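User: Can you walk me through this one? I'd like plain answers, please.
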Amino acid sequence: MLTASTFEFIEEIDRFRDPAALIEAFQKFIRKFGMAYFMIGDPRPPIGLPRERVWATTWPEEWLLRFGDRNYVVVDPVVRQLRTQNRPLRWGPTARAGDEEGTRILTEASEFRMNAGYAVPIYSREGLSVIVSMGTEHYELGKTDEICLHMASIYLHAALERLRAQNTPPPRGSRLTPRERECLVWVASGKTDWEISQILKIAEQTVHEYVQNALIKLNATTRAQAVAIAISTRQISA
Amino acid sequence: MIEVVTARNALLYEDALRDMHSLRHRMLVERRGLNRLRKRDNLQSDRFDTADAIYLLLTEDDGTVRGTARLLPTTGPHVFADVSPELCDVKGVQRGSRILELTRAMVDEDNLDRAGVENARNSVMVGVFEFIVRAGYEKFTALMTTDMLYRYLVMGIDVKPLGLTVERGGGKQVAVIVSVDQNAQDALRLALDVFEPLIHYVGAPAGDPLALAPPRIPARPLEAAE
């Protein structure tokens with residue numbers, strides 16, 4: 001039952017620590033629905049700092065390269081439609097692009113056996129953020145299937161965002177988070193990671209990570225040094 | 001500030017509660033066009049506005065109600081259980097002494113500008129989280145837009161769906177259960193930049209079953225020194 005599978009995928013998603021493993025799991029998951037490939041792409045205009053356009057993908061490499069080289073994100077009719085609506089879009093052989101370039105993209109996609117697909121826009125408060133786009137040769141999704149893929153896509157992208165944030169080492173000199181400061185205060189009063197984990201009721205490994213992050217941010221090599229720097233920069237009180 | 005109103009201190013809040021029902025009428029009937037909720041006296045209330053309901057009222061200094069939320073114990077009658085259980089048909093209706101149901105959460109869109117609406121919404125959200133932690137609850141259930149679901153997930157808040165999405169209010173909504181602990185409250189405050197305690201519960205007689213623990217608020221992050 002695909003609904004059960006979907007809820008299982010959602011329940012398990014927080015267990016993933018490695019983005020590659022999560023992407024593989026999502027690929028396996030969408031295959032159950034008859035979808036062949038997916039891509040999470042960032043369709044926003046390239047203003048400001050350059051950013052990765054593709055968050056994750058199992059698209060055929062050649063199609064991905066062509067899409068990027070020819071800047072198809074600008075004329076792709078699916079992307080264009082999703083800029084105007086905050087709801088998933090089903091596209092297929094009967095989709096009309098309304099212009100030559102758009103039609104060409106749809107035709108070229110079918111060269112890679114992507115004749116139809118389901119695209120989920122993820123909107124943040126600033127507008128369209130990414131599109132989770134799934135393609136297939138034969139579209140077999142019913143309404144419930146579409147709902148399942150929509151929900152799973154939301155959870156997938158949120159999880160990838162969190163993993164990306166967690167796996168990015170904090171830049172030196174950046175602020176301590178409330179939890180990092182809290183742990184450092186306990187370190188300052190001589191508590192071990194295990195003792196802190198008991199006090200705060202969180203895992204010992206988590207305490208260790210908070211303290212390590214604090215050391216990196218404070219540019220300290222030892223815990224004692226970290227405490228001293230944090231006190232002198234008024235991030236914790238003496 | 002957010003004032004907590006229960007059956008035990010409601011006498012102090014007669015006017016405020018009437019303003020709350022008026023706000024609900026304006027937002028649900030006038031703004032959203034839910035005519036089946038229309039009442040002649042322009043005060044929206046329903047069978048879940050009982051003595052068991054806990055109201056959170058976002059008020060200005062002069063007592064004007066700018067936002068509201070209703071929390072119902074899931075051990076008794078509540079909306080998911082009695083009106084729309086089909087929304088929870090995958091995981092089932094969630095009941096427990098530490099689970100509240102959040103409904104009728106809204107802010108005064110007639111009298112607040114865009115920034116005011118956003119601030120008010122953020123305050124109500126933080127207020128819900130702060131209340132749940134301080135009152136010793138653990139989770140709340142609600143019908144949430146998929147956009148809101150995504151925002152919470154990115155903040156690292158534990159939100160799980162209870163059923164499939166449905167079409168509501170021009171978009172997609174889903175019944176969810178949200179786990180709220182101190183970490184989740186901290187994450188929400190950090191994300192929404194709300195660092196003061198909001199919740200006040202006053203006027204209840206001694207021995208009131210609702211006892212709020214003191215607020216634990218993370219300090220606003222300081223800028224790192226050069």
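Analyst: Keep in mind that this is a predicted model. In chain A, 34% of the 238 residues count as buried.

User: How many helices and strands does chain A have?
Analyst: There are 10 helices and five strands in chain A. The chain is more spread out than a compact globule, because its radius of gyration is 23 Å, well over the 18 Å that the globule rule gives for 238 residues.

User: What does the C-alpha trace of chain A span along its principal axes?
Analyst: About 70 × 45 × 30 Å.

User: And what share of the contacts in chain A comes from residues 24 or more positions apart?
Analyst: Such residues make up 64%, counting contacts with a separation of 6 or more.

User: Switching to A:R15. Where is it found?
Analyst: A:R15 is in the loop that runs between α1 (2–12) and α2 (19–31) of chain A.

User: Buried or exposed, and why?
Analyst: A:R15 counts as exposed because it has 10 C-beta neighbours inside 10 Å, and the cut-off for exposed is 12 or fewer. Its C-alpha lies 9.9 Å from that of A:A159, with the two positions 144 residues apart in sequence.

User: Now the other chain. How many residues of chain B are in contact with chain A?
Analyst: On the chain B side 23 residues are in contact with 26 residues of chain A. Elements of chain B giving two or more residues to that side are α4 (146–154), β6 (158–161), β8 (171–179) and α5 (182–192).

User: Which one gives the largest share?
Analyst: α4(B), with six residues.

User: What kinds of residues are on that side of chain B?
Analyst: The side of chain B that touches chain A has 14 nonpolar, four polar and five charged residues.

Notes
Residues are numbered from 1 along each chain as its sequence is written. Chains are lettered from A and ligands numbered from 1 in the order in which they are written. This is a predicted model: local features need pLDDT of at least 70, side-chain atom pairs count only at pLDDT 80 or more; totals for chains, interfaces and linings use all residues. Two residues are in contact if their C-beta atoms, placed from the backbone, lie within 7 Å. Helices (H or I, at least four residues) and strands (E, at least two) are DSSP runs, numbered from the N terminus. Ala, Val, Leu, Ile, Met, Phe, Trp, Tyr, Cys and Pro count as nonpolar, Asp, Glu, Lys and Arg as charged, and the others, Gly among them, as polar. A residue is buried if 20 or more other C-beta atoms lie within 10 Å of its own, exposed if 12 or fewer, and partly exposed in between; C-beta atoms are placed from the backbone. The radius of gyration is taken over C-alpha atoms; the globule rule is 2.2 Å times the number of residues to the power 0.38.
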